[in-house]
Amino acid sequence: MSGIVLAGNPNTGKSSLFNILTGSYEYVGNWAGVTVEKKVGHLKDGKGQLIDLPGLYSLNPLSQDEEVASRFLLNETFDSILNVVDASQIERNLNLTMQLLEYGKPVVVAMNMIDVAKQHGLDLNAKRLSELLKAPVVPVVARSGKGCDVLLHTIAERDHEVLYEPYLLPYGDLLEKAAAELMSRMPDDMVSPRWMAIQFLEGNAVVRAALEESMDPAWLKQLYQSTELAVREDYGVKRLPQYIRQKRSSHIREILAECLVRSKEGRSTLSERIDRLVTDKFLGIPIFFGVHVPDV
């Protein structure tokens, strides 16, 4: 039975989708080092086991939940990844998607909240996005179950025996040279070498610790520092992680320019409407004083 990792940002409907795809599940304790429960379920078609990772924004861990994900990718065995994306926040969510694609396992993207995205005036061409990401993109509404049968079929159709190539996001000559040098020195059994190299250069402490177990820590430190210095001198970016995030964000915007249309007719959320009111040139100040509570 294949193992499928469920990954996505917090508040993307990941838990709802997990429940719909599995019907039932079991808790198998907590993830190591965190209080988040580890949830595992069997897909309704009986063709896979779904492993629900804690919600995360990036594989470069800034929280214990994100550290769980990095450790899982480094140390556990699985066959494919189901990435849940909030279509109404697609640009932000694709930051994680790109990192998962770079890992090199088969990925299926569940484009959730497609109805909310349309209300916000976002018209997504899922077929074109799938072509650009080189991975299936299935529009769903987890809240109602719409599209979930198609998603279940798509997951089952992914051939786990095929060797998938990692997504190659271009980071520029300086970073590519550093990544290639690092990969050339990695042990042959290292998992997903290019992903490891990019994550190391982005400052992923879990990946760095894994590399230091089989490589010279002093050399790794020198490579990181020299690459960061070169990036600072050539591009004016102080920190290497910042440069990598800028490159990734720029690439995401290029992708969305080809598959996403933003109309002005979209319905704003309540918080967006409040933001516009309180920042309005004429209404903002009266509203502010109307709700301001003076200090006692």
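Helices (H or I, at least four residues) and strands (E, at least two) are DSSP runs, numbered here from the N terminus. This is a predicted model, in which local features need pLDDT of at least 70 and side-chain atom pairs count only at pLDDT 80 or more, while totals for chains, interfaces and linings use all residues. Residues are numbered from 1 along each chain as its sequence is written, and side-chain values use heavy atoms, with hydrogens and water left out.

Let us start with strand 6. Strand 6 spans residues 107-112, and 6 of its 6 residues are buried, where buried means under 20% relative accessible area, exposed over 50% and partly exposed in between (1.4 Å probe, protein chains only). In a regular strand the side chains alternate between the two faces of the sheet. Here Val107, Val109 and Met111 cover one side, and Val108, Ala110 and Asn112 the other.

Two strands pair with strand 6 (pairing needs at least two DSSP bridges between the strands):

| Partner of strand 6 | Sense | Bridges | Residues opposite each other |
|---|---|---|---|
| Strand 5 (residues 80-86) | parallel | 6 | Asparagine 83 and valine 109 |
| Strand 8 (residues 137-139) | parallel | 3 | Methionine 111 and proline 139 |

From strand 5 the chain passes through helix 3 to strand 6 in a right-handed β-α-β crossover; right-handed means that, with the strands pointing away from the viewer, the path from the first strand over the helix to the second runs clockwise. Past the strand, methionine 113 sits in the loop leading to helix 4 (114-119), and its phi is near 60 degrees, a positive value in a residue other than glycine.

Now to the interior. A nonpolar core is a set of buried Ala, Val, Leu, Ile, Met, Phe, Trp, Tyr and Cys residues joined through side-chain atoms within 4.5 Å. The largest one has 72 residues, and Met111 is among the six that touch the most other members, together with Ile90, Leu129, Leu182, Phe200 and Leu211. Helix 3 (residues 90-103) gives the most to this core, with 7 residues. Beyond four places in sequence, methionine 111 has contacts (heavy atoms within 4.5 Å) that include Val85, Ile90, Leu124 and Val140.

Helix 8 (residues 193-201) is largely enclosed by the rest of the structure, because 8 of its 9 residues are buried. Phe200 is one of these, as are Trp195 and Gln199. The buried residues of helix 8 pack against helices including helix 2 (64-75), helix 3 and helix 10 (217-235). Serine 192 lies in the loop between helix 7 and helix 8 and has a positive phi near 40 degrees; at 13% relative accessibility, serine 192 counts as buried. Just after helix 8, glycine 203 takes a positive phi of about 95 degrees.
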